Amino acid sequence: MFSASQSSKAQFLDKARQAREERRELKERERAAVQIQALVRRFLCRCRLQREIRREVEDFFGANESASSKRSALSVFRIARKLLFVFNHKEDKERFEKLCRCILNSMDVENEPKVWYVSLALSKDLTLLWIKQIKDILWFCCEFLKQLKPDILQDSRLVNLHLTMLVTFTDTSTWKILRGKGETLRPAMNHICANIMGHLNQKGFYSVLQILLTNGLARSRPSLSKGSLTAIFSLALRPVVAAQFSDNLLRSFLIHIMSVPAIMTHLATLTPERLAVIESHELFRKFILFLSREAQCRDVCVCLEGSHTLCLLGNLVFLGSLNDKVLEEETAHFVGVLIHMLSYCQKYVSQKKSNLTHWHPVLGWFSQTVDYGLNESMPLLTKQLQHLWGVHMIRILFSDVLSKKLLENQEIAQLPAQPASPQNSLPMKNLFKRAFQKSASVRNILKPVGGKRVDSAEVQKVCSICVLYQTTLTTLTQIRLQILTGLTYLDDLLPKLWAFICELGPQGGLKLFLECLNNDTEESKRLLAMLMLFCDCSRHLITILDDIEVYEEQISFKLEELVTISSFLNSFVFKMIWDGIVENARGETLELFHSVHGWLMVLYERDCRRRFAPEDHWLRKDLKPSVLFQELDKDKKRAQLLLQYIPHVIPHKNRVLLFRNMVTKEKEKLGLVETSSASPHVTHITIRRSRMLEDGYEQLRQLSQNAMKGVIRVKFVNDLGVDEAGIDQDGVFKEFLEEIIKKVFDPALNLFKTTSGDERLYPSPTSYIHENYLQLFEFVGKMLGKAVYEGIVVDVPFASFFLSQLLGHHHSVFYSSVDELPSLDSEFYKNLTSIKRYDGDISDLGLTLSYDEDVMGQLVCHELVPGGKTIPVTNENKISYIHLMAHFRMHTQIKSQTAALISGFRSIIKPEWIRMFSAPELQRLISGDNAEIDLEDLK
């Protein structure tokens, strides 16, 4: 009974609790419903109010539109307050546009102070409210400008509207209220404008202008009109001028405005009067002086990153090209700023593609994020940068060097003794012609004389300029050739720079620069940068000049100067290698070595083709071959490097001995030499004299590489299979090899052709008519390699260009097909160079980028580039046409044949063995010294 009462009590309490919870939930629902109703009522009320305000605004602008300009400023102010109270960017875009037009119309009314919107600024009660309102309106204009696309017609109109608002209310010059008696109010009004502009700056005004300028200008054709661009630039300049060019405003201007791609070029094209404003304020000088402080320059570069830093650089260079006076006065600061900015970009220039790099059309692979939206404006940026290596700026920057006169001599300089061969001798008529042209003023040979202190201001200035251009070359990797071409355009710059180098230090030349290699000072680095720039530019110049320009016209350098320069380079490279500097070289030192060595080898190879230096000029008298051979036997690094880079310092006969020694060592290693304990493996072949080539090809082409290098015994049989007897075995193989080579190189077989001039051999372009012609060429390569391997001299006179390919020179970046063309067809070479010198419009000749050839009675058109037969040769592409034509004739036409022959040759002769020979020396290795070559004997 007791437990039953307890149970009913618990049930009662549960019911009571449930009832309380239900009442609480009901109250919560009622409260929530009231709150929701309040929110909905408030939302609906707000919507209704917004609709009413928007309707009122529309009615205000809709009523009497023709007389809208006569509305009082107060009514405009009130309607603007209401619109701003409910303003939404998407919904109120058109209403805001009407408001802006209404305000601007009010400012244009004559003699109606109550209509002028700006008149409210004079009302004591409304001044602060008006200032706040105009600040809000102008910032909304900025917000719209960020979103508008100037290339869309409708948007371009809105751009003009919002810009006009900003221009009108950030400067008092157009305010009619300040005319006459109102002039006394100008200081106060100017203060209000400054207040408004300060507010906009704080909110990011320059970022807005940058976005607008980039949208309108970062393209191949600008979409901003002259008026818009003028307005934007005027707005950008106002805060800077108002703040009297303070550092903070200059920084913002540089980061946001001057970093817009090619903005200075667009100003010069669309609104040149803005450039006059820049000049009147001496902005270029102020920019350079601001950036000349290293911390500030680094700050600007870090803010911009690589792509935009380059855009800023381009604009500064363009401004510099227009301000000669400032450039001359601030050369040191200008050069320093450019070096710093280029060095910043260079830190992120990568040598290769990776997951962390991006492709930049000027910088190459770049390890910072690249703004691909700027790609369209890169051609314009490149044009701006071209001013840096243009003639005008080079004359200003290198004025100290170019102002010097080279020593003059009234006597005609005598040429060094030339070899008597037709290829090497200069025609007498050209000698007389050149003597006549230059007899009035011929400079003395420039040799190192020394005497100029390296710490003088003049030397330091020239060094800095050289550092600038060297940094430009290593940073702007994709336009390197453009830069080099620009630097070599002035014929007298490089000889005068060489004259300047000759004057440096106590004794001049070599000793000073060798000392710099061992000094890790900033001064030494700058001096070496000057040498490096001289080498890079001179190498480029000599590479693009043809033989007539080098030997007869002697553009830039006299032949005697090339002799002096090559002697200096030869000694410098030798010392770098022999003194162990190259072994441990890294970074700048290694780049210097490659630069000097590259220039040296271009001169050496030019001399090999056509002599300008005296006999034994390239040899080092202080290097004993026996010492070098001993060091090579001990695997000394410097000896190996010497052989790799400048083998020409060793006499040719010693290099031949070294080559034979290398072959002997390999034979011993492969067990191909007879010893007391073992005999080498012998390969026996049987050859019919009447089918010597066919039998030799069939039996030898299948042999392994080592078997081809080993002993091969030949047994001759007649057509009946009867052995020939009584001849020494080795002599038989030599006879077989000579006969095989004589047959395959016979032009009648059409595997090889002869050049038009001196009848030297090269692979025939029509050799493809032979079945398995590539296997035949590989076999020929093996036979030729075997002859060289065994020291068997064969009378096979090769064309110089083909020997260069056999040595692998055509893979060098300094190789020029045009230079080698005379060795193929001297008449064709003359015709091509006449195109280069043609003064008229080359398109009148009706040439295209193609080559027509008579192939076995049929005219075949070879396109030098895809679609070449439809592309006319013009004055702009004629140099490319010449190089393409030369490359086609000497490489493309015989590419597969040459590759097959080289493959066979290198299976016997290692490439590194013959790299120590020049093309003429390789010919001597194949055919022997002073061999009388009779091509008729091959037929």
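**View 1. Strand β5 (residues 682-688) has two unlike faces.** In this predicted model, T683, I685 and I687 point to one face and are buried (under 20% relative accessible area, 1.4 Å probe, protein chains only). V682, H684, T686 and R688 point to the other face and are not buried. In a regular strand, side chains alternate between the two faces of the sheet. Strands here are DSSP runs of E, at least two residues, and helices are runs of H or I, at least four, numbered from the N terminus.

**View 2. β5 has a partner in β6 (residues 711-717).** The two strands run in the parallel sense and pair over seven bridges (pairing takes at least two DSSP bridges). Look for T686: it stands opposite K715 in β6.

**View 3. Helix α7 (residues 205-217) is mostly covered.** Of its 13 residues, 10 are buried, among them F205, Y206, Q210 and N215. The cover includes α4, α5, α6, α8, α9 and α10, with contact meaning heavy atoms within 4.5 Å.

**View 4. A nonpolar patch sits on the surface.** I36, V40, F43 and L44 share about 360 Å² of accessible area, by the Shrake-Rupley method with a 1.4 Å probe, only the protein chains shown counting as cover. V40 belongs to helix α1 (residues 2-62) and is partly exposed at 39% (between the buried limit and exposed, over 50%).

**Notes.** Numbering starts from 1 along each chain as its sequence is written, and side-chain values use heavy atoms, without hydrogens or water. Local features need pLDDT of at least 70 and side-chain atom pairs 80 or more, while totals for chains, interfaces and linings use all residues.

Technical notes: Patches are made of residues with over 30% relative accessible area and no salt bridge: like charges are joined within 9 Å, nonpolar side chains (Val, Leu, Ile, Met, Phe, Trp, Tyr) within 5 Å. A salt bridge is a side-chain nitrogen of Lys or Arg within 4 Å of a carboxyl oxygen of Asp or Glu.
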